Amino acid sequence: MQKTLSIEELKDICRDVRADIVRMTAEAGSGHPGGSLSSVELLVPLYFSVLNHRPSQPDWPERDRFILSKGHVGPVLYSVMARTGYFPVEELLTFRKMGSRLQGHPSMKALPGLESSSGSLGQGLSIANGLALAARLNGRSFRVYCLMGDGELQEGQVWEAAMTAAHYKLDNVCALVDYNNLQIDGKVEDVKNIAPLSAKWQSFNWHVIEIDGHDLSQVLKAYREAKSQKGKPTVIIAHTIKGKGVSFMENAAEWHGKAPNKAELERALQDIYGEEGPR
Amino acid sequence: MKMKPTRDGYGEGLLELGRTNPDVVVLDADLAKSTRTEWFMKQYPERFFDMGIAEQDMLGTAAGLALGGKIPFVTTYGVFVAGRAWDQIRTTVAYAGLNVKIGGAHGGISVGPDGATHQALEEIALMRVLPGMTLIIPADAVEAKKATIAAAGINGPCYLRFAREATPVFTREEDPFVIGKANTLREGSDVTIIACGPILYEALLAGERLQEKGIEARVINMHTVKPLDEEAILKAASETGAIVTAEEHQIMGGLGGAVAEVLVKHKPVPVEMVGINDTFGESGTPEELAEKYGLRARDIMQAAERVLGRKK
Ligand SMILES: Cc1ncc(C[n+]2csc(CCOP(=O)(O)OP(=O)(O)O)c2C)c(N)n1
Ligand SMILES: [Mg+2]
């Protein structure tokens, strides 16, 4: 079980995770900082306070599962995994390099603790449903979480899976949508609008919780509410800011898949930690 | 040597088509910048459709546009179009023989650090098997532009494969480009290297190094993998008696397989195949990956020496 961390402690961890994200992408010279930074407050409480898991025993059968559907944000997942003890934090800087366990997009065969391989958008929720059905069949009580991007919701498979989860009343499934309103070609509403989003999920028979995805107490509350839902899957629609925490990356489409250079990395770390620097 | 990615040739070809052919429309799936369709979008916004991250929908929409008399060029990374939308390409587009052009960007392992999920290594196999599909893999940016324009000139489905990395521009503006007709880049009588895509430059380097060893290698640019120029293959087999194929793709079902199918039927000569050997890629720099997966001039040269050893 997890020890209870205060909001202040979680905030400190979020800063470290943000720093990891910009360091990893800067060191690799490529990667996806924008959508990694927008998901920090979703994954930090999940890995540090919500998931029932054992980082030292990644194949523990009773563990809750996290499926990263938007596989391009490996940096945020690798960081929370390292910082919860799945592997050494130093290994983060091997990201995207030849021979690394931290592949450019997650490979579950390369790194224990990853529950799926991803990088082709729109496929994760189906996997989560399958795991949830297996849990039911095997009489296990683990929960399955799945993180998707808002642009990713344009994939038809997401809505096929949305129907599946509701049809089979998979209340052990909790979907997370990082609603940062940006994809590669621009604003989601300009490329191909997904709104009204809450109404869509509701009409697909999901329990919908809409929150500020950077407010840790709202995020924690949403996870609790999702867990108490019976007979329906839950989706947490998290309104976020792409590039959150790094001033020049915030709400800027060009930082979707671009690495900071040395000077930009320094500025980013300043933004994250302020003048006093890391703890 | 000038370096330029083949995807740039696609972008330029689309621009030219935009100017010369009002029926040409372009669709992309949230990758307009990296596939270079953004250039067309800026010039001809009313003929550009961003379909969002919805490749299957994009293929179906293109089918409808083709039925309505347009010439759609659908574009995204090769893995997501040839893979994700394969059934739509097969049944909706190819079965009906619709005039849909498919631009598959980021073909090959040279995509680099994004890793296996983004390195398309199967499109030749996936597209080659579809009846009526034309399949073109340009060797450099100049040829890519010609191929794009030529694709609009034929009626029926056509897949064009492009690469991310800047690679040598070694074909010339004045070189002919005819779909289905291979170009001989280097004459030789001892062995023939048949290749497609940017790896052709490595094949040419291999040809030069073989010459230093007294081996005369013919090098053929098989830019069209379907319909395949069987005549050029059989002529090379008769005249040189040994074949090496080279491609940045799975050997199984790829150019090597296609060439071998022709040879076993009509003119069995020894063949060696250079390409990806039944494995997924991984993250790394394009150079590291070419080295590890054996896609260098050296690897082609060694294959030529092996095949010469088997030649009777
Ligand atoms: C099937 C598929 N199509 C296209 C891509 C290329 N791609 C990678 S990330 C991305 C945009 C994702 O936008 P969004 O889901 O909003 O993610 P976020 O903003 O959280 O980064 C695209 C189009 C892909 N990885 N998979
Ligand atoms: Mg987004």
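These legends go with close-up views of a predicted model.

**View 1. Ligand 1 sits in a site shared between chains.** Residues from chains A and B surround ligand 1, so neither chain supplies the site by itself. The shell counts 24 residues, and the closest are Lys70(A), His72(A), Asp150(A), Lys242(A) and Glu55(B). Sorted by class, that shell around ligand 1 holds ten polar, eight charged and six nonpolar residues.

**View 2. Polar contacts to the oxygen atoms of ligand 1, from backbone and side chain.** Let's start with the backbone: a polar backbone atom of Gly151(A) is 2.9 Å from an oxygen atom of ligand 1. Glu152(A) also joins in through its backbone, with an N or O atom 2.9 Å from a ligand 1 oxygen. For Asn180(A) it's the side chain that does the job, placing an N or O atom 3.0 Å from an oxygen atom of ligand 1. How much of ligand 1 does the protein bury? On its own the ligand exposes 590 Å², and the protein buries 99% of that.

**View 3. Helices H1 and H9 of chain A cross at roughly 105°.** H1(A) covers residues 7-28 and H9(A) covers residues 216-228, and their axes come within 10 Å. That crossing angle makes H1(A) roughly perpendicular to H9(A). From H1(A), the residues in contact are Ile7(A), Leu10(A), Lys11(A) and Cys14(A); across from them, H9(A) offers Leu216(A), Ser217(A) and Leu220(A). Going by class, this H1(A)–H9(A) contact has five nonpolar residues, one polar and one charged.

**View 4. Over in chain B, helices H4 and H6 cross at roughly 10°.** Here the axes of H4(B), residues 55-67, and H6(B), residues 86-94, come within 10 Å. The two helices are therefore roughly parallel to each other. On the H4(B) side you'll find Gln56(B), Leu59(B) and Ala63(B), which meet Gln88(B), Ile89(B), Thr92(B) and Val93(B) of H6(B). The contact between H4(B) and H6(B) includes four nonpolar and three polar residues, with no charged ones.

**View 5. Cis peptide bonds ahead of Pro196(A) and Pro227(B).** Most peptide bonds are trans. The bond from Ala195(A) to Pro196(A) is cis, though, with omega near -5°. Where does Pro196(A) lie? Look in the loop of chain A between helix H7 (188-192) and helix H8 (197-203). In chain B, Lys226(B) and Pro227(B) are likewise joined by a cis peptide bond, with omega about -5°. Pro227(B) belongs to the loop that runs between strand E12 (224-226) and helix H10 (230-240) of chain B.

**View 6. Asn205(A) has a positive phi.** Most residues other than glycine have a negative phi. For Asn205(A), which isn't a glycine, the value is positive, near 75°. To find Asn205(A), go to the loop between H8 and strand E4 (207-212) of chain A.

Technical notes
Residues numbered from 1 in each chain as written. Chains lettered and ligands numbered in written order. Predicted model: local features only at pLDDT ≥ 70, side-chain atom pairs only at ≥ 80, totals over all residues. Heavy atoms only, no water. Axes fitted to C-alpha atoms, helices over the stretch in contact; angles between N-to-C directions. Helix = DSSP H or I, 4+ residues; strand = E, 2+ residues; numbered from the N terminus. Parallel < 35°, antiparallel > 145°, perpendicular 65-115°, else oblique. Contact = heavy atoms within 4.5 Å. Nonpolar A, V, L, I, M, F, W, Y, C, P; charged D, E, K, R; others polar. Near = heavy atom within 4 Å. Polar contact = N/O pair within 3.5 Å; in protein donor to acceptor, adjacent residues only side chain to side chain. Areas by Shrake-Rupley, 256 points an atom, 1.4 Å probe, with all protein chains shown as cover.
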